[in-house]
Amino acid sequence: MKQAELIPHLFRTEYRKIVSVLCKLFGIDHIEIAEDLVSDTFLLASELWGLKGLPENPTAWLYTVAKNKTKDYLRRNSLFAQNISKEIKYTTTTSEEIEIDLSVRNINDSQLAMMFVVCHPCNAAEAQIGLALNLLCGFGIGEIANAFLTNKTAIYKRLQRAKEKLRTEKIAITQPTASEINERLPAVLTTLYLLYNEGYYSPNQDITLRKDLCLEAMRLTYMLVENEHLNTPAANALLSLMCFQSSRFDSRLNPQGEIVLYQDQDTDLWNQELIEKGEYFLNQASEGNTLSKYHLEAGIAYWHTTKADTDKKWECILHLYNHLLLIEYSPIAALNRTYALAKARGKQEAIKEAEKINLSGNHLYHSLLGELYMSIDNTKAITHFHNALALTKSAADKLIISNKILKLMEH
Amino acid sequence: MKDFLLIFRTDIAAMPKRSPEEMQANTKRWMDWIGGIAAQNKLTDRGNRLNLTGKVLNPNNVITDGPYTEIKESIVGYSIVKANTEEEATELAKECPILGAGGNVEIREISVM
């Protein structure tokens, strides 16, 4: 890897590791100090490596410099050192000798501990996702602003507020205990699920960025299932869902960047390896008797990996959506259930049910009804597609809907 | 919106013996019906089935056994739905599979204590 690529690459992979270790060492009150020390380390790397060439082992170099910078900082700020050494119940005699443990094991433990802090429900979902991208994924403010389609100032403020909230709530950065895992793992899974969806369903045109968000969410979820205490059926089900969804990533957009609908996708572009991984994690998830919404969603995603329409396929998908709605209502699940009903029981029955679900402010509701009325009552279909067109903000959706209207007008 | 208890009753003695396939088809009908209510965001509690046997405790510690063959209709299950009016709740109950199997649904508004 060339030097110009190496630093951003190392920033992405190493920044978060060192930050997590230092955050865990310093405690929640001093996240910014940890971030500053690691940023300084990378700044020095980009200056020095440019002048003197790459060190033999760049990662080891970063770790050593980060350690030294931290020790220097602690020496210069003995008061701070005393405070944090009290917090970490430091036992040796001189506080200057604090050991900064950048072993693989401690890096992993620290990242998991940070995951539970970042995903703490005291912050709103959006703030949690921002923090996750920043502290767990090593995304800069600019990249996060890009992902959320907003400006740097807004993201900066959001992150500041979220960190402040963690401080005022005095959230401890520690390895969660068994009872804390039970209590807080669902919130962690929710954040990872939302982080993934942010990438998968974002209206953002930047495909590389969206893929990165999905990959990061998968990486973090994978960290959970790799840990013996966090390897729960729900975590496996979530990872399975992510694998199945990601398997279609390359077929969802054409070379012009336009959305390709499921039924028009080229199955050769579906990633078989990810489908197999999804099946593996779904099997892992079936151990025990928990049935989370991730199990049901992974089940639905599994059936979508076989493209051919069979009675069994849509019967199963309908059944899974029924279950999903019993666990948790969402408009999107209600709409998808109705689509599955049309496939399993015919359009007439689905129209009857669709008209009961009353989501007339939702563009997807009208798109669905437009779809269902097609070839049954084309005038009604066109009316619904026009409603959908007026309600959607996404340019990609507008294009798809307009094309459907045009097609119907030709008939 | 108010909560309404749906009570499913049927004549247990007259219930047909079902094959596994018929039982599966029956479960499917119930899931489709309850899923349809959930899709309208009008399900409070999917409820449960009740075992067909039980006991009745009367005053003076007189206990009798079920099934209650002397009563024509026994309660076999319940669900709780959300609706604005009794009429609306009744509308939700209209496609309940118990009606197709000779049973009935009682719709009662839950008056919160």
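This is a short walk through a two-chain model, from the overall picture of each chain to some helix packing and then to the contacts between domains and chains.

Hi everyone, thanks for coming. One thing to keep in mind from the start: what you see here is a predicted model.

Let me begin with chain A. Chain A has 19 helices and zero strands. Its C-alpha trace spans about 80 × 50 × 40 Å along the principal axes. Of its 411 residues, 37% count as buried. If you take the contacts in chain A between residues at least 6 apart in sequence, 60% of them join residues at least 24 apart.

Now over to chain B. Here the secondary structure comes to two helices and six strands. Reading from the N terminus, the order is β-α-β-β-β-β-α-β. The C-alpha trace of chain B spans about 45 × 45 × 20 Å along its principal axes. Buried residues make up 20% of its 113 residues. As for contacts in chain B between residues at least 6 apart in sequence, 74% join residues at least 24 apart.

Back to chain A, and to its helices. I picked three pairs for you.

The opening pair involves α1 of chain A, residues 3–26, and α3 of chain A, residues 58–76. Their axes come within 11 Å and cross at roughly 40°. That angle makes α1(A) oblique to α3(A), and the crossing is right-handed. Who meets whom here? On the α1(A) side we have A:L6, A:L10, A:E14, A:I18 and A:L22, and they meet A:P58, A:T59, A:L62, A:A66 and A:T70 in α3(A). By class, this contact has seven nonpolar, two polar and one charged residues.

Let's stay with α1(A), since this helix also packs against α5 of chain A, residues 104–118. How do the axes of α1(A) and α5(A) cross? They come within 8 Å, at roughly 75°, and that makes α1(A) roughly perpendicular to α5(A). The residues from α1(A) are A:R16, A:K17, A:S20, A:V21, A:C23 and A:K24, and across from them in α5(A) sit A:N106, A:I107, A:S110, A:Q111, A:A113 and A:M114. Sorted by class, the residues of this contact are five nonpolar, four polar and three charged.

The next pair is α9 of chain A, residues 178–201, with α10 of chain A, residues 207–226. These two pack at an angle of about 160°, with their axes 7 Å apart. That makes α9(A) roughly antiparallel to α10(A), and their crossing is left-handed. If you want to colour the contact on your screen, from α9(A) choose A:L192, A:L195, A:Y196, A:E198, A:G199 and A:Y200. From α10(A), choose A:R210, A:K211, A:L213, A:C214, A:E216, A:A217, A:L220 and A:T221. The residues of the contact divide into eight nonpolar, two polar and four charged.

Moving on to domains. The domain assignment of chain A gives domain 1 as 1–88, domain 2 as 315–358 and domain 3 as 359–411. Let's look at domains 2 and 3 of chain A, whose centres, taken over C-alpha atoms, are separated by 19 Å. Their contact takes twelve residues from domain 2 and ten residues from domain 3. Which helices supply at least two residues each on the domain 2 side? Those are α15 (331–345) and α16 (347–357) of chain A. The largest share of that side, six residues, comes from α15(A). By class, the domain 2 side has nine nonpolar, two polar and one charged residues.

Finally, the two chains together. The contact takes 13 residues from chain A and eleven residues from chain B. On the chain A side, α14 (311–327), α15 and α16 each supply at least two residues. So which helix gives the largest share of the side of chain A that touches chain B? That is α14(A), with five residues. The residues on this side divide into six nonpolar, four polar and three charged.

To pull one thread together before I stop: α15 and α16 of chain A each supply at least two residues to the domain 2 side that touches domain 3, and each also supplies at least two to the side of chain A that touches chain B.

That's my tour. Thanks for listening!

Notes. Residues numbered from 1 in each chain as written. Chains lettered and ligands numbered in written order. Predicted model: local features only at pLDDT ≥ 70, side-chain atom pairs only at ≥ 80, totals over all residues. Domains from an automatic or database assignment. Contact = placed C-beta atoms within 7 Å. Helix = DSSP H or I, 4+ residues; strand = E, 2+ residues; numbered from the N terminus. Nonpolar A, V, L, I, M, F, W, Y, C, P; charged D, E, K, R; others polar. Buried ≥ 20, exposed ≤ 12 C-beta atoms within 10 Å, placed from the backbone. Axes fitted to C-alpha atoms, helices over the stretch in contact; angles between N-to-C directions. Parallel < 35°, antiparallel > 145°, perpendicular 65-115°, else oblique. Left-handed = near helix turned anticlockwise from the far one by under 90°.
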